Amino acid sequence: MDALWVHRVFLLACCCGSGLGSPNKCDEVRKVFQLKQIGPSQLLPLSPTPGSDLQVCASKNSTCCTKKMEEKYQVAARRDIQNRIQTSSFSLKFLISRNVAAFQDAFEALLWQAENYTNTLFQDLYHSMADQATGPVRELFTDISLFLLGSELSVDGLVQRFFDALFPLVYSHFISPSHSDTSSGYTECVRSISREVRPFGGVPGHLADQIGRSGVSGKLLLQALHLGIEIINTTDHLQLSRECRRALLKMHYCPHCQGLTQSSPCMGYCLNVMRGCLASLAEIDIHWREFVRSLEGLSARMHGPQDLEQVLLGIHRLVHDAVRHAQKNGPRLSAQVYKLCGPPSRKPAQSVRIQHSSSSSSSESIPLKASVRVSGASLSNRRKDFLNSLRLYLTYYGGLADQLCMTDRASSDAVSCWNGTEIVKSYTLRVVGNGIRAQVANPEVKVKGPDPVINQIIDKLKHINQLLQGKSIPKLGSLDQIETGSGDAEGHYSGDCDDEDGCAGSGAGDVKRKVTRVLSPDVTGNHKRHHHHHHHHRPPAKDSEMEGRSRSFRLTGAIWVLVLPCLHMLLAL
């Protein structure tokens, strides 16, 4: 009996002398090493060995790690943190990318509906020229679509091209309808003098101003959201410093070397490591908050002259006003055309078309008036819902380090935890705050300075915030170079004004707006349609058709992130 007792004591002493509690602790390390696919199991020692050659996980006691294992653990620690950052940003990135697609769909649907409204106007009130007007109308809305999606187009130019093409049609059908078969040369002459004789008064300038103001707001919203995705993609692939990688290894995998595969880091210890590693990301916080608030401000301003849906769905009304203005000034225009182009080179018509008088046209009701705001309300609500959801991520970058520690099962001081060296009851070193400056006193991670890549996206954030707030009005170029013009468009135009009333000119344009294509929608090929081609008229869009077509415009390049599999650890004991 006494001999058996002595034997048990001897075995217990041998186990305790190993420093790992029992030899099979390395078996548990092996299981976790294989389960997490950190490396081949051949790298693990069969039993605890001295760890004098370890660079980070060195220990006075025997260890279950080798130098090769330590290198694999460091790669795993870097991979883990990047996966966890990507997982934490997944919902934010999905929210933004989904709404980029939704807003582009809404813009396309509005353009399609507005084009149908305009074609219906010609069919109902100016039927004799409706088929010929389809080409210029389609070209106008194609150009507006490209402008909204980022193409480098002058709004004044695209609007004036439409009215240049419209003038010969209005002239031959409603101002001088007594002749037909006008030669192409004479038609071209009438088109070329449009800007000189100003047949449509101030309507072209007013329409260009409205599209420019509302279009800049709409495209700026899309550009800002694309930048938001770029920022998240950049921070998802943050380049970690050598000091950070070593600290992560020490926090997450050095306990494994001592057989402590189930241990959790102390909360204060985890915060120091994460705040040190993510110090550059914390610098984004103040600018990201301003970004979210600036988007809210832009959305609040998107009404009146900056209400894109109101402007687009009201284009047909301005076109109607333009044709009435030309009819009202018919005698003057006939005299000017005769003076500049001479008598028409055409044969007498067999029958005379009936001309709409200015008084009868003025009394005509414009089709589809009741449904003008339906899509607009939907787009406004979509912006509101999106911003309400985005507001939940206002502190995303400022709280990212703390969030990762919460999901890292970091233990409070009331529970035994890993402090980087051993299992303790509490972490006794100072816990630093967020940001680069606070890391001077960080006992776990040395931070040398700002990350140049993060500084670049901070600069982009600062600039887009200025644009969103209307504080910066650049000249020509890319995202940060949008010229919005100046002045207020309201109160400067009346559809029935004569040239003598001092209406705004419709010439080369007072306000130029040029934007470089910075988005990546599927808009390719030749967007210019020759207006002398005949096109079939499209009927007014039904709600179901418009909704179906809207869904068909999908944003390419959907963003997907790998979702980490859950780790189910098997207890060996």
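# Chat about a predicted model

Trainee: What kind of phi does G470 take just after α20?
Mentor: G470, which comes just after α20, takes a positive phi of about 75°. Residues are numbered from 1 along each chain as its sequence is written, and side-chain values use heavy atoms, with hydrogens and water left out. This is a predicted model, in which local features need pLDDT of at least 70 and side-chain atom pairs count only at pLDDT 80 or more, while totals for chains, interfaces and linings use all residues.

Trainee: And α20 itself, how far apart are its end C-alpha atoms?
Mentor: The end C-alpha atoms of helix α20 (residues 452-468) are 24 Å apart, which agrees with the 24 Å that its 17 residues should span at 1.5 Å a residue. That expected span is 1.5 Å times one less than the number of residues. Helices (H or I, at least four residues) and strands (E, at least two) are DSSP runs, numbered from the N terminus.

Trainee: What happens at the start of α20?
Mentor: There, a side-chain oxygen of D451 comes to within 2.8 Å of the backbone nitrogen of V453.

Trainee: Which residues of α20 are buried, and what covers them?
Mentor: The buried ones are I454, I457, I458, L461, I464, N465, L467 and L468, where buried means under 20% relative accessible area, exposed over 50%, and partly exposed in between (1.4 Å probe, protein chains only). Their cover includes α8 (203-236), α12 (279-282) and α13 (285-301).

Trainee: Switching topic: where is S89, and is it buried or exposed?
Mentor: S89 sits in helix α3 (residues 67-125), and it counts as buried because its relative accessible area is 0%.

Trainee: What does the S89 side chain reach?
Mentor: The side chain of S89 reaches the backbone oxygen of Q86 at 3.2 Å, and a polar contact of 2.8 Å joins it to the side chain of D236. A polar contact is a pair of N or O atoms within 3.5 Å; within protein, one must be able to donate a hydrogen and the other to accept it, and residues adjacent in sequence count only if both atoms are side-chain atoms. Setting aside residues up to four places away in sequence, S89 touches I232, D236 and Y396, with contact meaning heavy atoms within 4.5 Å.

Trainee: How many residues are in the largest nonpolar core?
Mentor: The largest nonpolar core has 136 residues, and L166 is among those with the most contacts inside it. The largest share of this core, 20 residues, comes from α3. A nonpolar core is a set of buried Ala, Val, Leu, Ile, Met, Phe, Trp, Tyr and Cys residues joined through side-chain atoms within 4.5 Å.

Trainee: What does L166 contact, and what lies at that residue in α5?
Mentor: Apart from its neighbours within four places in sequence, L166 is in contact with F122, M129, F200, V319 and V323. A kink of about 25° lies at L166, shortly before the proline P168; the bend at a residue is the angle between axes fitted to the seven residues ending there and the seven starting there. Helix α5 (residues 155-175) still reaches 28 Å from its first C-alpha to its last, close to the 30 Å expected, and 20 of its 21 residues are buried.

Trainee: How many aromatic pairs are there?
Mentor: The count comes to 14 aromatic pairs, given that rings of Phe, Tyr and Trp (its six-membered ring) pair if their centres lie within 6.5 Å, with planes under 30 degrees apart counting as stacked, over 60 as edge-to-face and the rest as tilted. Y269 and Y427 form a tilted pair, 5.8 Å centre to centre with 40° between the planes. Y269 lies in helix α11 (residues 267-277) and Y427 in the loop between β4 (423-424) and α20, so the pair ties together parts that are 158 residues apart in sequence.

Trainee: Why is the pair of W288 and Y397 edge-to-face?
Mentor: The pair is edge-to-face because the planes stand at 75°, with the ring centres 5.6 Å apart. W288 is in helix α13 and Y397 in the loop between α18 (374-390) and α19 (400-407), so this pair also links distant parts of the chain, 109 residues apart. W288 is buried, with a relative accessible area of 0%, and Y397 is buried at 2%.

Trainee: Last one: where is Q37, and what is its phi?
Mentor: Q37 is in the loop between α2 (25-35) and β1 (49-50), and it has a positive phi of about 55° although it is not a glycine. Q37 is exposed, with a relative accessible area of 67%.
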